[in-house]
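Reader: Before we begin, I would like to understand the reasoning behind the labels that are used for a structure like this one. Could you take me through them, setting each value beside its definition?

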Amino acid sequence: MQISEKLRDIFRKSTKVCVLTGAGISAESGVPTFRGGGNSAVWKGMPFDEISSAKMIKIDLDGVWEWFDYRRGILKDCEPNEGHHSLSRWENRFAEFLIVTQNIDGLHKIAGSQRIIELHGNINRSRCTKCRLKYEMEVDEIPHEPKICDLCDSPVRPDVVLFGEMLPEGYFEYATEFASNCELFFSIGTSAMVQPAASLTEIAKRNGAYCVEINPEETPASSLFDECLRGKAGDILPLLA
């Protein structure tokens with residue numbers, strides 16, 4: 001993999017860098033997407049977008065938790081790859097740095113990243129359905145604990161954004177503000193199809209950032225980027241540093 005001298009120069013000189021990550025970077029760690037789509041039955045005859053929907057929290061919270069604990073059981077043995085670790089090290093390299101991730105697996109945090117916005121939540125975190133108190137879970141804490149909120153005795157739910165729900169207030173607004181002022185923008189392992197996260201590339205590009213796509217394959221947004229690097233994040237990111 002050849003990194004252009006222009007990108008290397010911008011990388012050396014940049015002080016504010018924004019990174020958007022998607023399922024591709026975690027797939028390198030063995031994380032399945034779980035996305036059935038359409039009418040494919042992925043959990044006891046129920047489509048992915050139904051068991052992972054907001055309405056199921058009200059209809060069958062136990063069923064939702066059974067599904068998410070199953071997913072957590074698969075994820076517990078997945079570890080961050082060199083792509084995650086490289087991004088963690090970048091925090092000490094740039095004066096201002098932010099990871100905006102669409103992933104809920106928590107691998108960025110496990111790798112040590114702290115400057116991160118988890119747009120869709122974290123599968124190893126839960127929150128109260130009433131008072132919204134949040135609980136962190138160990139990756140191998142399966143089934144989940146607690147089941148009832150310590151503060152108000154209400155059931156807890158996965159702290160993830162389900163189908164039919166809005167992003168947490170302020171999260172995307174902060175990401176947008178950061179992307180609109182960065183000098184260098186990376187889109188890593190994302191199909192550029194999921195909104196509103198996919199619009200961050202356009203925002204960064206419109207405001208003068210040098211935009212780089214890292215993905216094994218071309219995406220619908222590839223033409224927006226100044227440079228496209230074809231390959232795995234775990235192979236390419238270490239070369240930049």
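Author: The chain averages a pLDDT of 93, and 96% of the residues score at least 70, where pLDDT is the predictor's confidence in each residue, from 0 to 100. Over residues 36-41, however, the pLDDT is below 50, and beyond near neighbours in sequence this stretch has 8 contacts in the model, a contact being heavy atoms within 4.5 Å. Where pLDDT is low, the predicted coordinates should not be read in detail. This is a predicted model, in which local features need pLDDT of at least 70 and side-chain atom pairs count only at pLDDT 80 or more, while totals for chains, interfaces and linings use all residues. Residues are numbered from 1 along each chain as its sequence is written, and side-chain values use heavy atoms, with hydrogens and water left out.

Reader: What makes β7 and β8 edge strands of their sheet?

Author: The sheet is open and consists of 3 strands in the order β7-β6-β8, with antiparallel pairing; strands are DSSP runs of E with at least two residues, helices are runs of H or I with at least four, and both are numbered from the N terminus. Two strands pair if DSSP finds at least two bridges between them. β7 (134-136) and β8 (156-160) each have a single partner strand, so one side of each is left without a neighbour in the sheet.

Reader: How do you know that β6 and β7 pair?

Author: There are 3 bridges between β6 and β7, in the antiparallel sense, and the definition asks for at least two, so the two strands count as paired. Within this arrangement, R125 stands opposite E136 in β7.

Reader: Why is I123 called buried?

Author: Buried means under 20% relative accessible area, exposed means over 50%, and partly exposed lies in between, with a 1.4 Å probe and protein chains only. I123 has a relative accessible area of 3%, so the residue counts as buried. I123 lies in strand β6 (residues 121-128), and, leaving aside neighbours within four places in sequence, its contacts include F68, R71, R72 and L75. Helix α5 (residues 61-75) lies across β6 and β8.

Reader: How do you know that C149 is not in a disulfide with C131?

Author: A disulfide is a pair of cysteine sulfur atoms within 2.5 Å. The closest cysteine sulfur to that of C149 is in C131, 3.7 Å away, and this is too far for a bond. C152 is in no disulfide either, as the nearest cysteine sulfur, that of C128, is 3.3 Å away; a search of the whole structure finds 0 disulfides.

Reader: Are C149 and C152 buried or partly exposed?

Author: C149 has a relative accessible area of 1% and is therefore buried, whereas C152, with a relative accessible area of 23%, is partly exposed.

Reader: What makes the phi of R132 worth pointing out?

Author: Most residues other than glycine have a negative phi, and most peptide bonds are trans. The phi of R132 is near 70 degrees, a positive value in a residue other than glycine. R132 lies in the loop between β6 and β7 and counts as exposed, because its relative accessibility is 53%.

Reader: Which peptide bond leading to P143 is cis, and where is P143 found?

Author: The bond from I142 to P143 is cis, with omega near 5 degrees, and P143 is found in the loop between β7 and β8.

Key. Axes fitted to C-alpha atoms, helices over the stretch in contact; angles between N-to-C directions.
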